[in-house]
Amino acid sequence: MMKTGRLFVLSGPSGVGKGTLREHALNNAPNLTYSISCTTRKPREGETDGVEYRFISREKFTEGISRGLFLEYAHVHEDYYGTLRADVERELEVGHDVLLEIDVQGALQVREKMPGAVLIFVAPPSVEALEQRLRGRGTEAAGSLSVRLANAEKELAMKDEYDYVIVNDDLDTACEELRKIIL
Ligand code: ADP
Ligand code: 5GP
């Protein structure tokens, strides 16, 4: 019988470097696939439907919730985000490892439903560094930036719920830590 894959969950405040670490992990762990989430957020400049996210309407999202299509979902920074159960199950069944990049509320739902999941939290070296990165990325308007920074404190308070905490200070060191956890 084919061995089923492992499920990895990556969380951490907006701007901490999850996307950067995820890209590195996907390029360095050949059996790893990424589950593309659904969101009601509007695409940022340069984002494409079906690549970063599946961008869907609130109506479609709500319908998905009532049909039980989501392995987990949450209301984050004023929008809905969720992982489709079928996407994850299909990949695990064929033996692929699956990486989710989701918020803390979602991660705790995954742990309930799939106790074998490995939960990894990415923390910033300091709140100041986090703010600098978020500003430096240049994707958020002032309002959205302050919502993300306020939410960061709540997320950081949950890091002890996770199996691993990676402090993303030096990027190469953090990438290597994540690679080792996955392998
Ligand atoms: P997230 O996906 O968690 O919101 P990103 O991966 O988009 O975060 O990273 C936010 C910004 O911080 C990006 O501009 C990225 O290049 C930068 N960044 C990521 N990791 C580091 C690091 N270790 N040191 C300095 N800058 C970083
Ligand atoms: P962004 O809008 O910056 O792309 O993402 C905002 C937040 O939503 C991030 O913390 C990210 O981890 C979280 N997120 C993205 N996809 C999902 C998902 O499918 N489920 C949950 N619960 N959170 C998600």
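A polar contact here is a pair of N or O atoms within 3.5 Å, and that cut-off is handy for reading the close-ups of this predicted model.

**View 1. Polar contacts hold the eye in this close-up of ligand 2.** Let's start with Arg148, which has a polar side-chain atom 2.9 Å from an oxygen atom of ligand 2. Another arginine, Arg41, places a polar side-chain atom 2.6 Å from an oxygen atom of the ligand. Glu72 takes part through an N or O atom of its side chain, found 2.8 Å from a nitrogen atom of ligand 2. All three distances lie within 3.5 Å, so each pair counts as a polar contact. On its own, ligand 2 exposes 510 Å², and the protein buries 96% of that area.

**View 2. Here is the shell of residues around ligand 2.** The shell has 17 residues, and those that come nearest are Ser37, Arg41, Tyr53, Tyr81 and Asp103. Which strands each supply at least two residues of this shell? They are strand E5, spanning 70–76, and strand E6, spanning 79–84. If you sort the shell by residue class, you will find seven charged, five polar and five nonpolar members.

**View 3. The largest pocket is the setting for ligand 2.** Its space comes to about 730 Å³. Four elements give two or more residues each to the lining: helix H1 (18–28), strands E5 and E6, and helix H6 (142–156). Of these, H1 makes the largest contribution, with five residues. The lining has 32 residues altogether, and Lys18, Arg22, Tyr53, Glu101 and Arg137 lie nearest the pocket centre. By class, 13 of the lining residues are charged, eleven are polar and eight are nonpolar. Tyr53 is worth finding in both views, as it is listed among the nearest residues to ligand 2 and among those nearest the centre of the largest pocket.

**View 4. Now we turn to the polar contacts of ligand 1.** Arg137 offers a polar side-chain atom 2.7 Å from an oxygen atom of ligand 1. The backbone joins in too: a polar backbone atom of Gly17 is 3.0 Å from an oxygen atom of the ligand, and one of Asp169 is 2.9 Å from a nitrogen atom of ligand 1. How much of the 580 Å² of accessible area that ligand 1 has on its own does the protein cover? The answer is 71%.

**View 5. This last close-up shows the shell around ligand 1.** The ligand is surrounded by 13 residues, with Gly15, Lys18, Gly19, Thr20 and Arg137 the closest. Helix H1 and helix H5 (127–137) each supply at least two members of the shell, and the largest share, three residues, comes from H1. Sorted by class, the shell has six polar, four charged and three nonpolar residues. Lys18 and Arg137 are good landmarks when you move between views: both are among the closest residues to ligand 1, and both are among those nearest the centre of the largest pocket.

Methods:
Residues are numbered from 1 along each chain as its sequence is written. Chains are lettered from A and ligands numbered from 1 in the order in which they are written. This is a predicted model: local features need pLDDT of at least 70, side-chain atom pairs count only at pLDDT 80 or more; totals for chains, interfaces and linings use all residues. Side-chain values use heavy atoms; hydrogens and water are left out. A residue is near a molecule or strand if one of its heavy atoms lies within 4 Å of it. A polar contact is a pair of N or O atoms within 3.5 Å; within protein, one must be able to donate a hydrogen and the other to accept it, and residues adjacent in sequence count only if both atoms are side-chain atoms. Accessible areas come from the Shrake-Rupley method with a 1.4 Å probe; for residues, only the protein chains shown count as cover. On a 1 Å grid over the protein atoms alone, a cavity is a set of points where a 1.4 Å probe fits but cannot get out, and a pocket is an open set with protein on both sides within 12 Å along at least five of seven lines; lining residues have an atom within 4 Å of a point. A molecule sits in a cavity or pocket if more than half of its atoms lie within 2 Å of its grid points. Ala, Val, Leu, Ile, Met, Phe, Trp, Tyr, Cys and Pro count as nonpolar, Asp, Glu, Lys and Arg as charged, and the others, Gly among them, as polar. Grid points are joined across faces, edges and corners, and a volume is the space filled by probe spheres set on the points.
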